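Work through the exercises below with the sequence and the model at hand. Try each task before reading its solution.

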Amino acid sequence: MTDVLQLSPYAPDEINEEMDRRFSPAHYWELQQDEDLKAQILSNIRVVATKGDLGLPAELMASLPNLELITVYGAGYDKIDLDQARNRNIIITTTPDALTEAVADHVVALALASSRRIAEGDRFIRNGDWLRGKLGIGYSLRGKTLGIFGYGRIGRKAAEILGGTFGMHVLYCDRNSNPAEDSLCRGTPLELANESDVLVIAASGSPDTKNIIDINILEALGPQGLLINIARGSLVNTQHLITALESRKLGAAALDVFPDEPNVPNELISSPYTTLTPHLASATLETRLEMGRQVIENISSYTRNGEVFSRLNL
Ligand code: 8YV
């Protein structure tokens, strides 16, 4: 019986085929019917293959007595019970380098989509509004200040592109950086937002960052400001975001992530000031194939000799 459990299918399908060929994993999404068989399979599982946005529910982890390794297809591990993993000496691996560029590119895409009114323009034509009038003009990113909250791999890559090619001034705020040591670093997200025209959320989701982007920060970003979130919906207080947009104290928001995906609040859907994408920042064929390759390499290496790459320090 297999000792690998795949929690949900990957896209593209090549990854599923390779997983099946190499490990014949149990497919969790197909296990729901027969409770006895399910319990028998789960009791045997040593390796879980999951995704960043899915994680591993704490109860499911608890029902896998022989679990040794969780491989995440993605960079985020906020939906994994880290205490339980730590206590049970379970290894976690992620694939952060694989998706840095794709997600940073998506930051640029959202910045342009919002500032140049691309999604809005698309709706404008499809709704027939162009026949009745003109869409308002957008603005240039050049010369504006970009604030990056969470200056890890993705934040730095976005800063490199938007600060380089797009001529933005870059500032950042990161829990591991000290403003006394770098003139571009700000001590709090509020200070960062105060000076930024575009604020990018690129920090990890965790209990420490839950709802950290609140009404004060959104109002500090201001009526011309743009909030971009490609990290986790949990970092932004959604009710505050809706209020800030509706009261016009925040200019616009471009969001790839939401706290209760795939549910998106109606206020964000109907707002003319939002640009929304369905958690697809890492969704390029090339990136996803590399993420899948890393998951497969980790499982293969672990089952061969107990070693993994890109292990999280718990
Ligand atoms: C997902 C992500 O992994 O990396 C992450 O943490 O959230 C995404 O890249 C992706 O949606 C795969 O499901």
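**Exercise 1. Is E297 buried, partly exposed or exposed, and what does its side chain pair with?**

Step 1. E297 has a relative accessibility of 27%, so it counts as partly exposed. The classes are: buried under 20% relative accessible area, exposed over 50%, partly exposed in between (1.4 Å probe, protein chains only).

Step 2. This is a predicted model: local features need pLDDT of at least 70, side-chain atom pairs count only at pLDDT 80 or more, while totals for chains, interfaces and linings use all residues. Residues are numbered from 1 along each chain as its sequence is written, and side-chain values use heavy atoms, with hydrogens and water left out.

Step 3. Look for the partner. E297 and R22 meet through their side chains in a salt bridge, at 4.0 Å from N to O. A salt bridge is a side-chain nitrogen of Lys or Arg within 4 Å of a carboxyl oxygen of Asp or Glu.

Step 4. Place both ends. R22 lies in helix α1 and E297 in helix α12 (residues 285-305), so the pair ties together parts that are 275 residues apart in sequence. Helices (H or I, at least four residues) and strands (E, at least two) are DSSP runs, numbered from the N terminus.

Step 5. Check R22. With a relative accessible area of 35%, R22 is partly exposed.

Step 6. Widen the view. A network of salt bridges links E18, R21, R22 and E297.

**Exercise 2. How many salt bridges does the whole structure hold, and how far apart in helix α12 are E290 and R293?**

Step 1. The search of the whole structure gives 15 salt bridges.

Step 2. E290 and R293 form one of them, with the closest N and O atoms 2.9 Å apart. Both sit in helix α12, three residues apart, so about one helical turn separates them.

Step 3. E290 is partly exposed at 26% relative accessibility. R293 is partly exposed at 44%.

Step 4. Turn to helix α7 (residues 153-164). K157 and E160 are three residues apart there, and therefore about one helical turn separates them. Their side chains meet in a salt bridge at 3.4 Å, N to O. E160 is exposed, at 51% relative accessibility.

**Exercise 3. Which peptide bonds are cis at P12 and P262, and where do these prolines lie?**

Step 1. The bond from A11 to P12 is cis, with omega near 10 degrees. P12 lies in the loop between β1 (4-6) and α1.

Step 2. The bond from E261 to P262 is cis too, with omega near 5 degrees. P262 is in the loop between β10 (252-255) and α11 (266-270).

Step 3. Set this against the general rule. Most residues other than glycine have a negative phi, and most peptide bonds are trans.

**Exercise 4. Where do N89 and R117 lie, and what is phi at each?**

Step 1. N89 has a positive phi, near 55 degrees, and is not a glycine. N89 lies in the loop between α4 (82-87) and β5 (91-93). At 65% relative accessibility, N89 is exposed.

Step 2. R117 also has a positive phi, about 55 degrees, without being a glycine. R117 lies in the loop between α5 (96-115) and α6 (118-126). R117 is partly exposed, at 23%.

**Exercise 5. Where is confidence lowest, and where is it highest?**

Step 1. Start with the chain. The mean pLDDT (the predictor's confidence in each residue, from 0 to 100) is 97, and 100% of the residues score at least 70.

Step 2. Confidence is lowest in helix α2 (residues 35-44), at a mean of 91, and highest in strand β9 (residues 226-229), at 99.
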